[in-house]
Amino acid sequence: MGVFAGVELDGLVLTGPRLTLRPWSAADADAVFAIMQDRSMYEFLALPDPYPHEVAVRFVTELGDEGRRGGTGIGSAVVESATGQVVGSASLRLSGEQDIGYWVAPAARGHGYAAEATRVLANWALGRGLRRVQLLCDVRNLASVRTALAAGFQFEGAVRDRLHRPLDAAAPERVSDLARFGRLASGTGEPIAPAYARLPAAGLSDGVVTLRALQSGDASALAESDDRLTLEWGFTGHAHPLVE
C-alpha cells in the first residue's frame, strides 16, 4: 500500500471549508464523462478527443489516483461536501516535480474551488516534510494564475516550450510555455495580492473614453480587432476564437 511520511494514501480523505478531496470511485465515471463533453475542457488539458465513456471509467478506476497506491501522489475527486457532487479533480505529486494540478467542471467555476483544493493539498504536503510545492500552468491560463495567487503561491518565472505527456496514452502530447508558482513551508500561505488593482465595476472614464473589464457581449468586437499588427504584438500570436 502507498505510504508517505507515515500516512497511508490509498484511502486518504482531505477536507476544506466547502470541499472534500477523496479517492475516485467507479461511480464517478458518469460525472467525469459528462464534464469532459464540454469543449472548454480541451483548452488547457491534454485529453483524448472525442472523450468516450470508457476513458472516463479508466480515469476513475486507474489513472486518477495519481500515485496513491505507490505512495508518490494524491489524486482526488473534488466533491462539494454539502451535495456530494463531483466538481473537479486535484492531484498532488509527491515525487519529481512535487506539484499540484487540477481541473474544475465548467458549471462549478467561479466559486474558488480550485484555490481551496490547492490550498488543502499544499497544507497537507508542507505539513509533512516537503520544503516547497509548485504549481505550473499555461501562461495563457489566467484563471489558473488567479488560483495560484489565491492559494498563496508566488510567481517564480516561466518555463518555455515545456512538453506535457498526458496520463492517458490516447491523448496527444502538448507543448506550451508554463508559468511557475511556488509555495514554501517557511511561508505564510496567505493569498498573494494582485500587482494591479481591479477596475471598478463601472470602469474608469474621462467622459469620452471608458476602460472596463471585458464582458461576454464583447466577443465579436474583440475578434474584429485581430488585425495583422495586433496579432504580431499580441500575447499568443493567434486570433481570438469566436465560440458560440
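Let's start with Phe4. Its relative accessibility is 17%, so Phe4 counts as buried. Keep in mind that this is a predicted model. The cut-off for buried is under 20% relative accessible area.

Who is the ring partner of Phe4? Phe4 forms an aromatic pair with Trp124. A pair of rings is described by two things: the distance of the centres and the angle of the planes. Here the centres are 6.2 Å apart, and the planes are at 40 degrees. That makes the pair tilted. Now look at where the two rings sit. Phe4 is in strand S1, residues 3–4. Trp124 is in helix H3, residues 113–126. The two are 120 residues apart, so this pair links distant parts of the chain.

Trp124 has a relative accessibility of 6%, so Trp124 is buried too. What does Trp124 touch, beyond its neighbours within four places in sequence? The list is Phe4, Val7, Leu9, Leu12, Leu14, Ile74, Leu92 and Leu94.

Next, the largest nonpolar core. It holds 55 residues. Which residues have the most contacts inside it? They are Leu21, Tyr51, Leu92, Trp124, Phe153 and Phe181. So Trp124 comes up again. Helix H3 gives the largest share of this core, nine residues.

Back to rings. The whole structure has four aromatic pairs. We have met Phe4 with Trp124. Another is Trp24 with Phe59. Their ring centres are 5.2 Å apart and their planes are at 70 degrees, so this pair is edge-to-face. Trp24 lies in the loop between strand S4, residues 19–22, and helix H1. Phe59 is in helix H2. These parts are 35 residues apart in sequence, so the pair ties them together. Buried or exposed? Both Trp24 and Phe59 are buried. There is a third member as well: Trp24, Phe59 and Trp103 form one aromatic cluster.

Now stay with helix H2, which spans residues 53–63. Its buried residues are Val55, Ala56, Phe59, Val60 and Leu63. Why do they line one face of the helix? Look down the axis of H2: the buried residues fall within an arc of 130 degrees, so they line one face. Here is the general idea. An α-helix has 3.6 residues a turn, so residues three or four places apart point the same way. What covers the buried residues of H2? The cover includes helix H1 (29–35), strand S6 (86–93) and strand S7 (99–104).

On to helix H1. Asp30 lies there. At 51% relative accessibility, Asp30 counts as exposed. Asp30 and His53 are 23 residues apart in sequence. In space, their C-alpha atoms are 7.4 Å apart.

One charge over a ring, quickly. Arg39 lies over the face of Tyr42, at 4.2 Å from the ring centre.

Now some backbone oddities. Most residues other than glycine have a negative phi, and most peptide bonds are trans. Where does this model depart from that? Start with the peptide bond from Asp49 to Pro50. That bond is cis, with omega near 10 degrees. Pro50 is in the loop between H1 and H2.

Then phi. Ala5 has a positive phi, near 50 degrees. Ala5 sits in the loop between S1 and strand S2, residues 7–8. Its relative accessibility is 52%, so Ala5 counts as exposed. Gln98 also has a positive phi, about 50 degrees, and Gln98 is not a glycine. Gln98 is in the loop between S6 and S7. At 28% relative accessible area, Gln98 is partly exposed.

Another loop: Val13 lies between S2 and strand S3, residues 14–15. At 45% relative accessibility, Val13 counts as partly exposed. Leaving aside neighbours within four places in sequence, Val13 is in contact with Thr20, Leu21, Arg22 and Pro23. Take Pro23. Val13 and Pro23 are ten residues apart along the chain, and their C-alpha atoms are separated by 7.1 Å.

Last stop, Asp218. Asp218 lies in the loop between strand S12 (210–211) and helix H5 (219–224). At 16% relative accessibility, Asp218 counts as buried. What lies 2.7 Å from a polar atom of its side chain? The backbone nitrogen of Gln215. Not counting residues up to four places away in sequence, Asp218 touches Arg212 and Ala213.

Note on methods:
Residues numbered from 1 in each chain as written. Predicted model: local features only at pLDDT ≥ 70, side-chain atom pairs only at ≥ 80, totals over all residues. Heavy atoms only, no water. Buried < 20%, exposed > 50% of the residue type's maximum accessible area, 1.4 Å probe, protein only. Helix = DSSP H or I, 4+ residues; strand = E, 2+ residues; numbered from the N terminus. Arc of directions from axis to C-beta. Contact = heavy atoms within 4.5 Å. Phe/Tyr/Trp six-rings, centres within 6.5 Å; stacked < 30°, edge-to-face > 60°. Lys NZ or Arg CZ within 6 Å of the ring centre and 35° of its normal. Polar contact = N/O pair within 3.5 Å; in protein donor to acceptor, adjacent residues only side chain to side chain. Core = buried A, V, L, I, M, F, W, Y, C linked by side-chain atoms within 4.5 Å.
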